[in-house]
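Please explain how the sheets, the helices and the contact between the chains are arranged in the structure shown here. A guided reading in running paragraphs would be welcome.

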Amino acid sequence: MNAKPSKPILKSKPEPLIQISGLTVDFDTPTGWLRCLHGVDFEVYPGEILGLVGESGSGKSITCMSIMKILGPRARIRGSVKYKKQDILTLDENGLTQIRGSDIAMIFQDPAVSLNPVHTIGRQMVESIIYNTSIPTLNHTKESSEQNSGKVEKYRRVTGQTAHSEAELLMNRVGIPEAKQRLKEYPHQLSGGMNQRAMIAMALAGRPHLLIADEPTTALDVTIQAQILELIRDLRKETGMSIILITHDLSVVAETSDRVAVMYCGRIVEKGPVARIFANPRHPYTRGLLASVLRIDRQIEKLYSIEGSVPAPYEMLKGCAFEPRCQAALNKCKFDQPVFKTEPEGCGIACFNPQSGRVTAFEVLNKQEDAPYTARQKQNEQPLLEAADLLKYFRIRRGSGLFGKKKKLKAVDSVSFSVKRGGTFGIVGESGCGKSTIARLLLNIETPTSGAVTFNGRKISGLPPAEWRRLRLHMQYVFQDPLNALDQRMKIIDQVAEPLLIHNTIRAAMRHDKAAELLRSMDLKDHTFDRYPHELSGGQQQRVVLARALILEPELLVCDEPTSALDVSIQAQVINLLTELRKRLNLTMVFISHDLSIVRHICEQVAVMYLGKFVELAKSDMLFNSAVHPYTQALLSAIPIPDPGLSRKRIFLKGDPPSPIDLPSGCSFHTRCHIARQVCAELVPELKSLKEGHLVACHLAHDEA
Amino acid sequence: MSFRFIVRKIFRALLTIWIIVTFIFIVLRISGDSALLIYGPDVSAKALATLRKVWGLDKPIWQQYLIYVSSVFHGNFGNSYLDGRSAIRVVAERIPKTLSLMWVTAVITLLIGIPAGIFSALHHNTRRDRITMTLAVMGLSIPNFFLGVLLILLFSVSLRLLPSAGSETWKHYIMPVITMSTAEAAVLARFTRSAMLEVLNQPYIRTAISRGVPWKIVVREHALPNAAISIVTMVGFFIGSLIVGGVITENVFAWPGVGRLLVSSVANRDLAVVQVIVLLISLSMVTANLIVDLAYGWLDPRVRDLRSEEP
């Protein structure tokens, strides 16, 4: 690395490290060339982090993959990508191979599928090192460069031994503990966070000048996201490399980037320094994105959402692509394409009617003239749903041999809670903490090892099938990934009507009418009824899933991460719909999510779960304003906030949650806790009442109180 | 790979063989009378009864079955009804001929099918791909027996270049091997192509390219090992169809192997011989599948881990 770390905000402009101009990409389709990028211009300066933002389908990934020229043979790329005075797009395969990995490296969204499943991490690391070591020495430590001095001809002749020790150094650098052991393991044996670290380590092998990170934290838990973002910031500081960070999450941009470029439908619509874009977003799309971000530090009644969804490339009309969804559209926006105007200090915008002023969800809310709804009534009723001492163990076999040891996996360990009719109960925690198992227990999909679920005063496990069927009508499930939860070969309307057929509640002739009515009430247009799931957008799909769950008019809705597969703007649509439905139908809801901001927005009561146990349970406000358990505090502090100016003290959790098979002694959180004492490793803390309606399982909380 | 897994697999394999053998035993006995077939329709009822008694065919079928099973466990597979020699021996002397034909076919099929599929996938959607795949479709749409007869007409009858029957020289191998491997290689090529295409679209291939790994190495180190996992499944089926194809081809080219013996023994109701052959075929099929199963674990570390965790 030759470049010194340079200040992100630049007074006198140095040469950009990479300059992209007029980048267009067309794809060869059976119906002809389909244009997906329409002339993208931007530049990245040495040592800066550029956030590339937009909804899915806006062309962010295509942009970055064309920089690396890894779009495959069906893409036609035009324009220029100037890197070190040469145009990458004119290089042949050989030249590209030289640049990839060594000058420009890339990390991808889902580390679990972005690493080769049949090779060990070590083998893939070594490969990266071998193909990206160009000049004399490859080791950056002093002693090894002394060792290697004299041997100048090291090009591509790194020995396995050298590469292996280099791999270990890199693994240590990205914070992977027990690097030696990890190098021998396969991707599926590591957690998502560890895989992402390993992928970053591989990207660092060639000491690149530019790192492209394509949604590097989207598939990860918030706590792990915070760790990875911290790592990326550190690496930038240390190596001085530039980073393009592709993300749909503006909060992530606010916390990491120096400059932002907002993309929509294959064009950059606005760019500028982060502070400026967040303080004074001008493009209506940027404003819309900012307004739909849920904030953990604010509470609002109704979220803003950009109407509709990103049009597919073949649906593009004349004029500004954002016009159909734009609140500030002028007449000419329909016909003319606004040109991107570059302004001083790296700013620029493509809009005929730029807005000004800071956006907050409050403002937008007022514009929508939607009165906040009144709070719950009838608090004194009997609970509709009750879980008493739920316990779910799975037995799994560990180790080989004819009689490999069977071990208990405590997925859910003594969990009790109750939800009143019309109430909303949220369960949050990292992946693998057992929250989805609870959902399955509540709906009798799994049978608890001990304990019971009571619905409307009746114990649901052990009911005769016919009775269970009758009861089942009143409890429905909403899944995480709408596309996978729908039958790909069944029309929308038929899928929504199907539960009526199964439970035979109304006459056949009425079924379709009822389904259609429900779909209409969810803002789905009639012409979508005869479509198939893949023809709908993610938000529409999730509304279909909701409609299917609601058509039986259930009393209880269990939602398992219903929005985590969706874009921010779409997520807002779905959450608003859920809130409204709940109000209108007096639904009782159990809402499971890893996203605390959503839970805060929707739920009245929230439980925080860690390794099968509730560690804190309280009224939503109480939990978010005065969290007591250190785990809850850490979760809250891990959430990025879309406010670049905000400085706050953050608690970073170290590492991954321990395996639920070998739970730590005492309080299972003590291994990652920042305030743990002796007692925590010895005694299991009980979930005890701290004050009215606030339960905490922490030795220290109760000591202090 | 866990030992437990292998033990369970072998147990299942034995169960499969037992079911097949039982099924064949019963079907053969209810579908025709061996004694009648051997002596012909004009023989006296007394002679028939004597023959049946000698071979134990007069007992109820379940008793015959029990006797058969117990003698199998004593290593006695019965004698051929036709020449009285031990059925095992009758079959065993045919095995080398069949094996020699099969392994030549297998090697040629694998050498053509897999590279052709890889070639096609690497040139996806180009003329080379389309030509290879057109050839493959042609190859698999011609039935074995038809291709065999066609080859005989061309090379033996018209051109008089190759012998049409027998197995003595290398020339005898040419037409049977072509006949069998055409369809097999075609199926394998198509399958390999789709397996490769699927793997080439995986994110880890893109990641490898972006890490600066040269394309050749990406194909060799990343695409092939992953595609091999599904190709191996296909190879398991391939061994099965090789046996089936072998029976037909051996008959077309009068190849003195097990396949030909099977057909004649079924026609003659030579029960003991048929049973031995069926046992042999199911044993080889089951072994092939067992090897495929083991190969999964060897090729795919995820399967390896899953197996050691199975309840």
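Which residue in strand 22 of chain A is the bridge partner of Tyr610(A)? In this predicted model, the partner is Lys613(A). The pair belongs to the antiparallel match of strand 21 (residues 605-610) with strand 22 (residues 613-619) of chain A, which are joined by six bridges.

These two strands are part of an open sheet of eight strands in chain A, ordered 18-19-20-15-21-22-24-23 and mixed in its pairing. The edge positions are taken by strand 18 (475-478) and strand 23 (688-691) of chain A; each has a single partner strand, so one side of each lacks a neighbour in the sheet. From one strand to the next, the twist averages 20 degrees. Helix 19 (residues 538-550) of chain A packs on this sheet, where it touches strand 18 and strand 19 (556-560) of chain A. The direction of helix 19 makes about 170 degrees with that of strand 18 of chain A.

Chain A also contains an open sheet of four strands, in the order 2-1-4-5, with antiparallel pairing. Here strand 2 (32-44) and strand 5 (86-87) of chain A form the edges, and because each has a single partner strand, one side of each is left without a neighbour in the sheet. Strand 1 (residues 18-29) of chain A pairs with strand 2 of chain A in the antiparallel sense over 10 bridges. Within this pairing, Leu23(A) stands opposite Val40(A) of strand 2. Helix 1 (residues 60-68) of chain A packs on the sheet, in contact with strand 1, strand 2 and strand 4 (75-83) of chain A. Its direction makes about 105 degrees with that of strand 1 of chain A.

Turning to chain B, helix 1 (residues 3-30) and helix 4 (residues 61-73) of that chain pack at an angle of about 135 degrees, their axes being 11 Å apart. The two helices of chain B are therefore oblique to each other, and helix 1 passes helix 4 in a right-handed crossing. Phe25(B), Ile26(B) and Arg29(B) of helix 1 meet Ile61(B), Gln64(B), Tyr65(B) and Tyr68(B) of helix 4. By class, the residues of this contact are five nonpolar, one polar and one charged.

The contact between the chains takes 35 residues from chain A and 29 residues from chain B. On the side of chain B, the elements giving two or more residues are helix 1, helix 10 (203-210), helix 11 (215-252) and helix 14 (301-309). Helix 10 of chain B gives the most, with seven residues. This side of chain B comprises 13 nonpolar, eight polar and eight charged residues.

Note on methods: Residues are numbered from 1 along each chain as its sequence is written. Chains are lettered from A and ligands numbered from 1 in the order in which they are written. This is a predicted model: local features need pLDDT of at least 70, side-chain atom pairs count only at pLDDT 80 or more; totals for chains, interfaces and linings use all residues. Axes are lines fitted to C-alpha atoms, for helices over the stretch in contact, and angles run from 0 to 180 degrees between N-to-C directions. Angles under 35 degrees count as roughly parallel, over 145 as roughly antiparallel, 65 to 115 as roughly perpendicular and the rest as oblique. A crossing is left-handed if the near helix is turned anticlockwise from the far one by less than a right angle, and right-handed if clockwise. Two residues are in contact if their C-beta atoms, placed from the backbone, lie within 7 Å. Ala, Val, Leu, Ile, Met, Phe, Trp, Tyr, Cys and Pro count as nonpolar, Asp, Glu, Lys and Arg as charged, and the others, Gly among them, as polar. Two strands pair if DSSP finds at least two bridges between them.
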